[in-house]
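Here is a set of questions and answers about how terms are applied to one structure. The structure is shown first.

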Amino acid sequence: MKKSIDVLTVGDCCVDLVLSSGDVVPEFAQKEKIVGDYFLEMGGSSLIFAAQAAKLGLKTTVIGKVGDDAFGNLILKRLVDAGVIVDYIKKDTSVKTGLTVHLVKANDRAMLTCTGTIDVVGRRDIPDTLVEKTRHFHIGSYYLINTIRPHYKDIITKLKASGATVSLDTNWDPKETWDGGLADILPMIDILLLNENETMAIARKKSLDDAIKTLKAIVPVLVVKRGKDGATVHAGASTYSASAVNVTVVDSIGAGDCFDAGFLYGYLNEKQLDICAKIGCICGSLKTREAGGVKGQPRLNEISRYLK
Ligand SMILES: Nc1ncnc2c1ncn2[C@@H]1O[C@H](COP(=O)(O)OP(=O)(O)O)[C@@H](O)[C@H]1O
Ligand SMILES: [Mg+2]
């Protein structure tokens, strides 16, 4: 079958309400405090990833649900503006759009999440006809979308049978057990994208080098994202590094998800792995120029400037 979808992902559909500067630490006994600033933006690792992938020209489809509410409309607008195909995002009147409230202090943050539509996609929402049309499947927020996690093995088996490739960015496990069937699907993953802490947690190693050794024996391409120090790719006996771009950082919400999209843009266009990492770093770093996960994301023409 002709593959009309470059990238398919399951959406952890939510918005981020970020309160910053001023006194962001709440106090009970009905005390009112004044915060300095706020913004409201589409959140969700998989959604931010999808928006970045579409901005690079990949035909990107999200499967998910949003509530029939203002936050759901915001998500749909951001995805459509980015060029994401939203035909498989349903409005569900029985559930509220997910929300995370971030309270941001100078060097720390606290988050309060109402799960809502983050965790509602079931196996039936991913028809086999869609799987057959997909070139590449990206799993983000592995530990947040509980409803779909038990089905990934079956979905990946079907994807592989039709010639698709699969990437996984677990992101953080809020329960910090780093289990949930991960060991079963890791050998089926083509590209594993993690930050340094996630790499050590998943490999159950205290040293990053040991963790990398463990994981690169399981997956053909392991990408370790290293914040302002860029990223390193481990593929068999080869290692490639890419530097971050020097930018004035506003926040790093979604930087890793934008990196993933940039890396995959390179991978799906058959670029060498060092170039994939470079494109990933450009996307991750440029994202940090602006607040929230979406605004700073570069489009394709901007990437080529930094690749020269
Ligand atoms: N402070 C920063 N300065 C420049 N680039 C950054 C910064 N933080 C992140 N990035 C870019 O975004 C990429 C992914 O961010 P990182 O924090 O490593 O991943 P994650 O968000 O998954 O933990 C990095 O590889 C880098 O290219
Ligand atoms: Mg991440």
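Q: Why does Ile148 count as buried or exposed, whichever applies?

A: This is a predicted model, in which local features need pLDDT of at least 70, side-chain atom pairs count only at pLDDT 80 or more, and totals for chains, interfaces and linings use all residues. Residues are numbered from 1 along each chain as its sequence is written, while chains are lettered from A and ligands numbered from 1 in the order in which they are written. A residue is buried if 20 or more other C-beta atoms lie within 10 Å of its own, exposed if 12 or fewer, and partly exposed in between, with C-beta atoms placed from the backbone. Ile148 has 21 C-beta neighbours inside 10 Å, so Ile148 counts as buried.

Q: Where is Ile148, and which residues is it in contact with, leaving aside neighbours within four places in sequence?

A: Ile148 sits in the loop between β8 and α4. Helices (H or I, at least four residues) and strands (E, at least two) are DSSP runs, numbered from the N terminus. Two residues are in contact if their C-beta atoms, placed from the backbone, lie within 7 Å. By that rule, and without neighbours up to four places away in sequence, Ile148 is in contact with Val10, Val121 and Gly122. The C-alpha atoms of Ile148 and Arg123 are separated by 6.2 Å, although these residues are 25 apart along the chain.

Q: What makes the phi of Ser141 worth a remark, and is Ser141 buried or exposed?

A: Most residues other than glycine have a negative phi. Ser141 is not a glycine, yet has a positive phi of about 45 degrees. Ser141 lies in the loop between β8 (134–139) and α4 (152–161). There are 25 other C-beta atoms within 10 Å of Ser141, so Ser141 is buried.

Q: How do you know whether Ser21 is buried or exposed?

A: The count for Ser21 is 12 C-beta neighbours inside 10 Å, so Ser21 counts as exposed. Ser21 belongs to strand β2 (residues 14–22). Its phi is near 55 degrees, a positive value in a residue other than glycine.

Q: Why is Lys295 called partly exposed?

A: Lys295 has 15 other C-beta atoms within 10 Å, so Lys295 falls in the partly exposed class. Its place is the loop between α9 and α10 (300–307). Along the chain Lys295 and Gln52 are 243 residues apart, and their C-alpha atoms are separated by 9.9 Å.

Q: What makes the crossing of α6 and α7 left-handed or right-handed?

A: A crossing is left-handed if the near helix is turned anticlockwise from the far one by less than a right angle, and right-handed if clockwise. α6 passes α7 in a left-handed crossing. Helix α6 (residues 196–203) and helix α7 (residues 208–216) pack at an angle of about 65 degrees, their axes 8 Å apart. Axes are lines fitted to C-alpha atoms, for helices over the stretch in contact, and angles run from 0 to 180 degrees between N-to-C directions.

Q: Which residues make this contact, and how do they divide by class?

A: α6 brings Glu196, Thr199, Met200, Ile202 and Ala203, and α7 brings Leu208, Ala211, Ile212, Thr214 and Leu215. Ala, Val, Leu, Ile, Met, Phe, Trp, Tyr, Cys and Pro count as nonpolar, Asp, Glu, Lys and Arg as charged, and the others, Gly among them, as polar. The contact has 7 nonpolar, 2 polar and 1 charged.

Q: How do you know whether Met200 of α6 is buried or exposed?

A: Met200 has 22 other C-beta atoms within 10 Å, so Met200 is buried. The buried residues of α6 are Glu198, Thr199, Met200, Ile202 and Ala203. What covers them includes α5 (182–185), β10 (191–195), α7 and β11 (221–225).

Q: Why is the chain called as compact as a globular protein of its length?

A: The chain has 10 helices and 13 strands. Its radius of gyration is 19 Å, close to the 19 Å that the globule rule gives for 308 residues, so the chain is as compact as a globular protein of that length. The radius is taken over C-alpha atoms, and the rule is 2.2 Å times the number of residues to the power 0.38. Buried residues make up 47% of the 308 residues.
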